[in-house]
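This briefing covers salt bridges and one residue's surroundings in a single protein model. The notes are grouped by topic.

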Amino acid sequence: MCYDADSAPPAFSPATGTVAESAALTLSSGDGTEFAAFLARPDRPTGPGVLVLPDNRGLSDFYRETAVRLAEQGHPALALDYFGRTAGAAPQKRAPEFGELPNLLPHLLALTPDGLDADLTAAIGRLRATGAADVVALGFCFGGRQAFRAAAPRFGLAGVVGYYGYPDVLNGAPGPTQLAAGLTAPVLAFWGGADEHIPPATVAAFDAALTAADCPHEFMTSPRAPHNFFEQGAVEHSDAARTSWQRLLSFLAAPGRPRPA
């Protein structure tokens with residue numbers, strides 16, 4: 001579990017524009033499954049669309065607000081939910097239930113790579129329908145893991161960004177480290193140096209796998225930051241959050257461009 005129900009993303013100042021629209025959507029996957037999403041559009045788009053991939057609780061207010069923050073910076077942003085197949089397309093009705101891991105776990109275990117890929121593909125298509133020629137995936141925790149997976153060419157993304165997405169084998173399923181040979185889109189990854197869930201050796205193995213695959217990537221580690229440091233209430237880690245915001249926006253301006261020395 002990454003963010004609590006009352007968590008909020010940190011704001012980035014200044015905003016470069018205003019939000020023209022923010023609205024809940026119901027999208028249809030390629031297999032006919034309906035799932036929830038949330039779209040925020042800027043008044044004047046100035047950059048690629050952003051597909052926001054939530055943590056393992058699915059679509060929550062944290063990710064709706066994240067989409068709005070991105071739209072304030074000129075990026076059409078769409079956050080999706082993962083659980084249309086098992087819990088329906090109304091995440092607001094199950095928020096209390098999904099706050100407890102025993103209630104959430106059966107839905108998590110029912111997720112499949114094919115189902116996730118179908119939903120991501122449908123969401124990317126909806127973002128492109130807003131006029132976004134390029135799309136970047138941005139994920140947190142479980143969503144960071146999915147963002148790294150989405151660097152595969154079948155998604156056609158301009159880049160992917162993951163905050164503390166576990167990259168190794170999980171419950172027997174290969175992770176981005178094991179899939180690195182098939183990843184091609186530029187990767188930007190943020191890690192907390194004090195993250196108890198993702199050891200430095202796990203990060204290093206992912207780095208080495210991407211290097212071996214010749215996949216362009218940049219890793220940024222905030223030395224004293226924990227898992228979920230990108231959060232408005234984590235005031236003691238506000239510098240790490242702001243630094244990552246700045247690098248994220250630079251990446252969105254030109255995915256894959258080397259960082260200035």
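D117 is buried, with a relative accessible area of 13%. The model is a predicted one. In it, D117 pairs with R154 in a salt bridge, with 3.0 Å between the closest N and O atoms. The count of salt bridges in the model comes to 9.

**D117 and R154**

- D117 belongs to helix α5 (residues 113-128), while R154 sits in the loop between α6 (142-149) and β6 (159-163), so this salt bridge ties together parts that are 37 residues apart in sequence.
- The two partners fall in opposite accessibility classes: D117 is buried at 13%, whereas R154 is exposed at 56% relative accessible area.
- As background, side chains of opposite charge can pair when their charged atoms come close.

**E218 and R247**

- A salt bridge joins the side chains of E218 and R247, at 2.8 Å from N to O.
- E218 is part of strand β8 (residues 217-222) and R247 is part of helix α9 (residues 238-253), so the pair ties together parts that are 29 residues apart in sequence.
- Both E218 and R247 are buried.

**D61 and R64 in helix α1**

- D61 and R64 form a salt bridge, and their closest N and O atoms are 2.9 Å apart.
- Both residues lie in helix α1 and are 3 residues apart, so about one helical turn separates them.
- D61 has 45% relative accessibility and therefore counts as partly exposed, as the value is not under 20% and not over 50%.
- R64 has 18% relative accessibility and counts as buried, because the value is under 20%.

**A salt-bridge network**

- D31, R85 and D119 are linked in a network of salt bridges.

**A67 and its surroundings**

- A67 is another residue of helix α1, which spans residues 61-72.
- Its relative accessible area is 0%, so A67 is buried.
- Which residues does A67 contact, leaving aside its neighbours within four places in sequence? They are F38, A40 and A77.
- Between A67 and A181 there are 30 Å in space, C-alpha to C-alpha, and the two are 114 residues apart in sequence.

Key:
Residues numbered from 1 in each chain as written. Predicted model: local features only at pLDDT ≥ 70, side-chain atom pairs only at ≥ 80, totals over all residues. Heavy atoms only, no water. Helix = DSSP H or I, 4+ residues; strand = E, 2+ residues; numbered from the N terminus. Buried < 20%, exposed > 50% of the residue type's maximum accessible area, 1.4 Å probe, protein only. Contact = heavy atoms within 4.5 Å. Salt bridge = Lys/Arg side-chain N within 4 Å of Asp/Glu carboxyl O.
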